[in-house]
Every structure is written in C-alpha cells, then in structure tokens.
Amino acid sequence: LSGYYGFSAPDPRSGARMAQVSVSSYGCCGDAGSVFMWGGHSGTGYLSDPWVFTRDMSWFPAGSQWTKLTEEAGPTARKDHTMASIGSKSFVFGGRDEHEMKGDFWVHDFPDGALAGIETVHTWEELTSPTGMEAGGRIGSMILSDAPNDLVYLLGGEDHTGAKKS
C-alpha cells in the first residue's frame, strides 16, 4: 500500500500478526475497523514495532492510513506468535526469536479507546499464569477470543522439539 493514495506503510516482513481492534480513529465518523499489527521478521532482524491501520469509511480509501506507534515496554521482538483481540485489547502469545520459542502472554491496549494522531496512548501488560499452568514456549498456536465473556483461550501449537500441544 505504500504510495497508494499517499499511504505510508510498515516495512516488508514475515511472521507478523494482525488483529482487528475497536479504536475510534476520527471523532466524527466512529470506528470503521482498525487493525493492530505487531512483530515479524524483516529478513535481517526480528521486529517489535507496533502499527495501526485505520479506515475512515466516509472517505475510503483516501481517509485510511497506517500509523506507527511509539515502541513502549512490552514483549521482545519475535515472529510466528499468535494474536487475537477483544474490543481495544490485543492478546499476544508465544512466537520465536533467534534464540528461543517464547511462552509469554501479553495484552496490548488503547486505554482511552481512541487514536490521537501519531502520539497514540497505548500500553503493554504481561499476563501471568498460575504456577504449574504455564503454556510453555510454542509456535503455531491459536487464540480464540470470547468477547461476550471477555475471555481468551489458547489452543494448540508445537514446542521446540516439534511436539504438538493442546
């Protein structure tokens, strides 16, 4: 999309993940569906740069744009993680970098529920599992979001040995 209708866009990458979030991009027009993208691999290194694609349906596609967010303290750079969202929150689990498979679980949020231009307020918080219930590092897993009950479920994947996980 870079250059199309004046778009700037994220650098090329593989292994990134995206999830649709409810983030109001324009006070007058409401949320036409925003997409949060995080992570991936550029071909030369792992990425942790967060991006949001917002659509303004009253002037689509010219009113649509990619916005690079400031990198806040959050998960380490990786690819092949899994992501799902509920409302303005995106949940990120697992993935891998050049050293290991990841088993950490993070939630990304736009606490004010709105984009304010480039200087968007957003936060990361690491979620912890009860002792003995840790999922362990894996790739290829899925997160199912249950928005009516405000829950997410982690399913499947494989660990560093290739063993399938439930």
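This note comments on a surface patch, a strand hairpin and two individual residues in a predicted model.

1. The E9–E10 hairpin. Strand E9 covers residues 142-146 and strand E10 covers residues 151-155. The two strands run antiparallel and are joined by five bridges. One pairing within this arrangement is that of Ser 145 with Val 152, its bridge partner in E10. Four residues separate the strands in the hairpin, and Asp 150, which lies in the turn, has a positive phi of about 55 degrees.

2. The nonpolar patch. Met 142, Leu 144, Leu 151, Tyr 153 and Leu 155 together make a nonpolar patch of about 460 Å² on the surface. Strands E9 and E10 are the elements that give two or more residues to this patch. The largest share, three residues, comes from E10. The hairpin strands described in point 1 are thus also the contributors to the patch.

3. Leu 151. This patch member is found in strand E10. Is Leu 151 buried, partly exposed or exposed? Its relative accessible area is 39%, so Leu 151 counts as partly exposed, given that this class lies between the 20% limit for buried and the 50% limit for exposed.

4. Met 18. Strand E1, residues 17-21, contains Met 18. Because its relative accessible area is 51%, Met 18 is classed as exposed; the cut-off for that class is over 50%. Beyond residues up to four places away in sequence, Met 18 touches Val 35, Phe 36, Met 37, Trp 66 and Met 83. A further spatial relation concerns Phe 53, which is 35 residues from Met 18 along the chain; the C-alpha atoms of the two residues are separated by 9.9 Å.

5. Asp 104. This residue is placed in the loop between strand E6 (89-93) and strand E7 (105-109). Asp 104 has a relative accessible area of 17% and is therefore buried, the cut-off being under 20%. Which residue's side chain makes a polar contact with that of Asp 104? The partner is Arg 78, at 2.6 Å. Arg 78 is also among the residues in contact with Asp 104 once neighbours within four places in sequence are left aside; the others are Val 92, Phe 93, Gly 94 and Glu 126.

6. Points to inspect in the model. For the hairpin, the reader may view Asp 150 in the turn together with the bridge between Ser 145 and Val 152. For the loop between E6 and E7, the place to view is Asp 104 with its side-chain polar contact to Arg 78.

Notes
Residues are numbered from 1 along each chain as its sequence is written. This is a predicted model: local features need pLDDT of at least 70, side-chain atom pairs count only at pLDDT 80 or more; totals for chains, interfaces and linings use all residues. Side-chain values use heavy atoms; hydrogens and water are left out. Patches are made of residues with over 30% relative accessible area and no salt bridge: like charges are joined within 9 Å, nonpolar side chains (Val, Leu, Ile, Met, Phe, Trp, Tyr) within 5 Å. Accessible areas come from the Shrake-Rupley method with a 1.4 Å probe; for residues, only the protein chains shown count as cover. A salt bridge is a side-chain nitrogen of Lys or Arg within 4 Å of a carboxyl oxygen of Asp or Glu. Buried means under 20% relative accessible area, exposed over 50%, partly exposed in between (1.4 Å probe, protein chains only). Contact means heavy atoms within 4.5 Å. A polar contact is a pair of N or O atoms within 3.5 Å; within protein, one must be able to donate a hydrogen and the other to accept it, and residues adjacent in sequence count only if both atoms are side-chain atoms. Two strands pair if DSSP finds at least two bridges between them.
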